[in-house]
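Colleague: I would like us to take a close look at one part of this model, and I would prefer a single connected account to a list of separate remarks.

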Amino acid sequence: MHSTDTKTLRDMDRTHVWHPFTQMKEWEKSDPCVIVRGEGSWLIDSDGNRYLDGVGSIWTNVHGHCKREINDAIKEQVDLLEHSTLLGLTNDKAAILARRLVEVAPPGLCKVFYSDNGSTAVEIGVKMAFQYWQHRRRPGKTKFISFRNAYHGDTIGAVSVGGIDLFHGVFRPLLFPTIQAPSPYCYRCECGASDSATCAMECLSELERLMAAHAGEVAGLVIEPLVQGAGGMIVQPEGFVRQVRELCDRYDILMIADEVAVGFGRTGAMFACGHEGVTPDIMALSKGITAGYLPLAATLSTQKVYDAFLGEYREMKTFFHGHTFTGNPIACATALASLDLFEKDRLLETLPSKTEYLQQRLHTLMELSHVGDVRQCGMIAGIELVRDKQTKEPFPWEERIGVQVCLEARRHGLFLRPLGNVIVIFPPLSISHDELRLLMDGIEVSIREITGD
Ligand SMILES: *Cc1c(COP(=O)(O)O)cnc(C)c1O
């Protein structure tokens with residue numbers, strides 16, 4: 001093993017690495033923190049500094065970094081089989097994982113189509129829903145209903161069903177049009193309702209109006225159940241997902257649930273749809289699936305969807321889609337080890353006391369004069385900073401208040417990544433009570449220092 005000093009590492013990065021969602025002109029002038037090690041909830045840089053991973057390595061981490069059981073499973077699998085294709089063959093780990101996913105998924109989802117990131121998991125769902133109606137002899141059903149503020153990934157199909165103009169406006173000419181429904185972002189909702197239940201009802205009645213007008217041409221609806229993630233950790237009121245399911249049934253529209261961010265225990269249940277007793281027709285999974293270790297994704301479907309693709313070879317009903325690393329056995333073995341740990345550590349049972357604590361701390365943060373809104377669902381939270389609490393006037397985006405707070409938090413030993421003016425909390429589910437307290441203390445002082453409270 002050779003190690004390289006921090007300055008050389010930074011130089012190599014600044015010279016050659018093009019970072020995602022990053023203005024590189026600024027990056028080149030910065031001294032990036034080079035992470036070289038992980039340990040539980042902590043990231044360790046090339047100078048030995050430790051940072052509490054407050055965003056779970058971009059919403060993926062479940063059991064902490066370098067978890068022994070997962071490391072062992074990977075080492076064992078590497079010596080058995082590193083990769084073999086699912087085109088014309090299968091592999092043991094892909095088959096076993098498919099069974100395990102179906103066992104934990106909402107009842108009725110029984111088929112697993114693998115890919116390797118969240119965007120493709122959604123895009124596969126969209127293509128599946130589209131082709132489904134072609135085979136069902138309803139060729140007019142080609143459109144999709146998407147939600148305002150939605151985020152489903154960065155490939156062209158996933159961007160098409162997204163609703164965040166800031167990220168995606170530049171690509172508009174490349175996208176297919178969708179029918180956009182309002183989402184209940186109560187804090188900034190334009191519906192004029194005075195409380196979240198009324199706001200959700202307004203959104204649902206508008207959704208129903210759109211469905212009634214377009215049902216004959218709509219193949220599917222894409223939703224992030226319970227929480228819109230990248231949109232700003234926007235939490236839907238109770239019952240919303242269930243009512244969306246009912247509307248999809250009434251208007252014969254396939255429901256595609258994007259559980260890429262909220263899946264695998266994040267909201268307190270294994271899957272967000274589970275909170276509302278909902279089975280979507282198609283469900284996209286990625287981020288937490290390998291506990292933050294390796295790229296893997298799965299698109300689950302019901303028997304009904306799958307059956308529409310069955311036919312004689314010459315009928316051309318095959319689902320023509322696939323990726324080179326589909327069902328990679330190392331990634332699947334990792335996912336299996338993660339599911340084992342959910343059971344062994346009774347992970348879901350450890351969450352309520354932590355989410356209650358998180359809720360208390362968020363509640364106290366509302367006393368700060370620049371905290372306009374706090375939103376939480378399980379181990380996800382968003383703190384929306386505003387210039388004026390009374391009028392809800394946002395901080396101008398050029399001030400990058402979220403970035404400033406997160407940089408300040410770095411000085412307090414935390415790694416955070418905001419969404420605009422929203423401070424995101426998305427730690428490893430395995431975070432300890434003491435670490436969670438450190439995280440919330442650090443966030444509170446950082447907000448106070450930057451907003452001058
Ligand atoms: C992150 C995310 C995606 C995209 O996943 P990638 O692996 O980054 O392509 C899709 N949907 C949701 C809800 C996400 O949070």
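Which residues are around the ligand?

Modeller: Bearing in mind that this is a predicted model, the residues around the ligand are, in order along the chain, Trp-59, then Asn-117, Gly-118 and Ser-119, then Tyr-151, His-152 and Gly-153, and after these Glu-224, Asp-258, Val-260, Ala-261 and Lys-287. Sorted by class, this shell is made up of four nonpolar, five polar and three charged residues. Among the charged residues, Asp-258 places a polar side-chain atom 2.6 Å from a nitrogen atom of the ligand, while Lys-287 has a polar side-chain atom 2.7 Å from an oxygen atom of the ligand. At Gly-118 the backbone takes part, since a polar backbone atom of this residue is 2.8 Å from an oxygen atom of the ligand. Of the 380 Å² of accessible area that the ligand has on its own, the protein covers 83%.

Turning from the ligand to the packing of helices later in the chain, helix 14, which spans residues 347-365, packs with helix 16, residues 433-451, at an angle of about 15°, and their axes are 11 Å apart. Because angles under 35 degrees count as roughly parallel, helix 14 is described as roughly parallel to helix 16, and helix 14 passes helix 16 in a right-handed crossing. Helix 15, residues 401-411, also packs with helix 16, here at an angle of about 125° and with the axes 9 Å apart, so that helix 15 and helix 16 are oblique to each other; helix 15, too, passes helix 16 in a right-handed crossing.

Terms used: Residues numbered from 1 in each chain as written. Predicted model: local features only at pLDDT ≥ 70, side-chain atom pairs only at ≥ 80, totals over all residues. Heavy atoms only, no water. Near = heavy atom within 4 Å. Polar contact = N/O pair within 3.5 Å; in protein donor to acceptor, adjacent residues only side chain to side chain. Areas by Shrake-Rupley, 256 points an atom, 1.4 Å probe, with all protein chains shown as cover. Nonpolar A, V, L, I, M, F, W, Y, C, P; charged D, E, K, R; others polar. Axes fitted to C-alpha atoms, helices over the stretch in contact; angles between N-to-C directions. Helix = DSSP H or I, 4+ residues; strand = E, 2+ residues; numbered from the N terminus. Parallel < 35°, antiparallel > 145°, perpendicular 65-115°, else oblique. Left-handed = near helix turned anticlockwise from the far one by under 90°.
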